[in-house]
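Please load the model in your viewer, with the sequence panel open beside it, and follow the selections below in order.

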Amino acid sequence: MNIPERIAVRLPQLVFPFSEAFYNHNRVPKLGFVPFLTHKRHLGLGQGFSKKMSSSMENCHVDVQNKLEVVRPATEVYAQEGIEALKAGKVIAVPTDTLYGFACDACSLEAVSSIYEMKGRKHTSPLAICVGDVSHIKHFAVTEYLPHGLLDSLLPGPVTVILRRGESSALEKSLNPGLDSVGVRVPDCNFIRAVARGLGKAVALTSANLSGQPSSLCIKDFENLWNRCAYVYDGGALPSNGAGSTIVDLTLPGKYKILRPGSAREETLAILEKHSLVEEAPVI
């Protein structure tokens with residue numbers, strides 16, 4: 001049983017706060033500010049409800065509607081518009097199997113720069129990439145030296161594998177310049193995988209939050225950054241402890257090093273040991 005299968009028995013099924021039909025009217029949920037103004041007499045406001053307050057409410061309604069224009073349900077029906085946004089060099093927000101993330105075309109220098117800017121992230125902090133299927137990893141990183149079946153046992157799942165980039169990598173040199181390795185994810189999440197497949201290239205993926213701030217488990221957690229995204233895809237509240245993915249360095253043949261315990265440390269260690277990898281000795 002691989003990581004997704006073991007974790008699936010422990011995690012509740014995601015619950016979407018809005019049905020897909022609910023989003024279909026103008027493609028966003030509507031809030032009830034206008035009816036509130038229409039029926040103000042019933043609230044005892046009557047003639048005394050000032051024009052200033054009325055104007056403030058209307059402005060609030062417009063602001064909320066502008067924010068909600070970017071929100072979509074994270075279903076495969078909406079994946080194509082996300083793909084088109086990435087092709088246009090835009091940033092989208094997506095759910096994964098651990099946290100909400102910001103995603104863009106990893107080969108777009110402008111889009112990658114936008115992610116660093118919106119997060120307030122140092123350019124010395126590398127970005128991971130996401131691909132749609134395990135079989136796609138070999139186009140972006142060296143995999144020949146890994147034990148047969150190792151990646152298929154770890155992924156899809158809440159694990160980031162650090163691999164050697166290699167000279168034949170399809171990644172742009174502008175992504176994580178100066179590094180000869182890259183973090184790769186294949187989340188156990190149908191939506192982001194559909195987007196990655198449709199893009200046909202690597203997707204740069206990082207947590208949807210300001211750098212140094214708590215990770216996001218629902219779209220409300222990063223509402224202050226919605227206006228920086230072409231679309232925000234709502235997958236409901238994620239059943240995670242906020243630990244993020246387990247990060248394991250596999251750049252040395254036959255060895256591993258856990259860089260971040262994350263949400264699947266024990267399962268990851270069991271798989272690594274099953275494939276006869278040994279822990280890299282610490283540098284003294």
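The tour goes from the whole chain to a helix, ring pairs, cores, salt bridges and a single residue.

**The whole chain**

Begin with everything selected, and keep in mind throughout that this is a predicted model. Coloured by secondary structure, the protein shows 9 helices and 11 strands, and 48% of its 284 residues are buried. The accessible surface comes to about 14,500 Å², with 54% of that area belonging to carbon and sulfur atoms. If you draw the contacts between residues at least 6 apart in sequence, 66% of them join residues at least 24 apart.

**Helix α8**

Next select residues 190-199, which form helix α8. How many of the residues of α8 are buried? The count is 7 of 10, so the helix is largely enclosed by the rest of the structure. The buried ones are Phe191, Ile192, Arg193, Ala194, Val195, Ala196 and Leu199, and the elements that cover them include α5 (79-87), β2 (92-95), β3, β4 (128-130), β7 and β8. Move on to Gly200, just after the helix, where the backbone takes a positive phi of about 75 degrees.

**Ring pairs**

Now display the aromatic side chains, among which there are 4 aromatic pairs. Select Phe102 and Phe222: their ring centres are 5.8 Å apart and their planes stand at 85 degrees, so the pair is edge-to-face, the cut-off for that class being over 60 degrees. This pair links distant parts of the chain, since Phe102 belongs to strand β3 (residues 100-105) while Phe222 sits in the loop between β7 (203-207) and β8 (231-234), 120 residues apart. Both Phe102 and Phe222 are buried.

Turn then to Phe191 and Tyr233, a tilted pair with 4.6 Å from centre to centre and 45 degrees between the planes. Phe191 lies in α8 and Tyr233 in strand β8, so this pair ties together parts that are 42 residues apart in sequence. Phe191 is buried at 3% relative accessibility, and Tyr233 is buried at 0%.

Add Tyr100 to the selection of Phe102 and Phe222, and you have a cluster linked by ring pairs. For another kind of ring contact, select Arg164 and Tyr145, where the charged end of the arginine sits over the tyrosine ring, 4.2 Å from its centre.

**Nonpolar cores**

Which residues have the most contacts inside the largest nonpolar core? Select Phe102, Ile137, Val161 and Leu250, which hold that place in a core of 52 residues. Elements that each supply at least two residues of this core are β3, α6 (109-119), α7 (150-154), β5 (159-164), β6 (181-185), β10 (255-260) and α9 (265-274), and the largest share, 5 residues, comes from α6. Apart from this core lies another, of 20 residues, which includes Ala103, Phe191, Ala194 and Val195.

Centre the view on Ile137 to look at one member of the larger set: leaving aside neighbours within four places in sequence, Ile137 is in contact with Val131, Thr143, Leu151, Leu155, Leu163, Val184 and Val186.

**Salt bridges**

The structure holds 8 salt bridges. Select Asp105 and Lys201, whose side chains meet at 2.8 Å, N to O. Asp105 lies in β3 and Lys201 in the loop between α8 and β7, so the bridge ties together parts that are 96 residues apart in sequence. Asp105 is buried at 5% relative accessibility, whereas Lys201 is partly exposed at 35%.

Go on to Glu117 and Arg228, a salt bridge at 3.8 Å, N to O. Because Glu117 lies in helix α6 and Arg228 in the loop between β7 and β8, the pair ties together parts 111 residues apart in sequence. Glu117 is exposed, with a relative accessible area of 58%, and Arg228 is partly exposed at 37%.

The side chains of Arg265 and Glu266 also meet in a salt bridge, at 2.8 Å, N to O. Then select Asp133, Arg193 and Arg197, which salt bridges with shared partners join into one network.

**Thr246**

Finish at Thr246, in strand β9 (residues 246-249). Is Thr246 buried or exposed? With a relative accessible area of 0%, Thr246 is buried. Beyond residues up to four places away in sequence, Thr246 touches several others, including Pro158, Val159, Thr160, Ile258, Arg260 and Arg265.

How values were computed. Residues numbered from 1 in each chain as written. Predicted model: local features only at pLDDT ≥ 70, side-chain atom pairs only at ≥ 80, totals over all residues. Heavy atoms only, no water. Helix = DSSP H or I, 4+ residues; strand = E, 2+ residues; numbered from the N terminus. Buried < 20%, exposed > 50% of the residue type's maximum accessible area, 1.4 Å probe, protein only. Contact = heavy atoms within 4.5 Å. Areas by Shrake-Rupley, 256 points an atom, 1.4 Å probe, with all protein chains shown as cover. Phe/Tyr/Trp six-rings, centres within 6.5 Å; stacked < 30°, edge-to-face > 60°. Lys NZ or Arg CZ within 6 Å of the ring centre and 35° of its normal. Core = buried A, V, L, I, M, F, W, Y, C linked by side-chain atoms within 4.5 Å. Salt bridge = Lys/Arg side-chain N within 4 Å of Asp/Glu carboxyl O.
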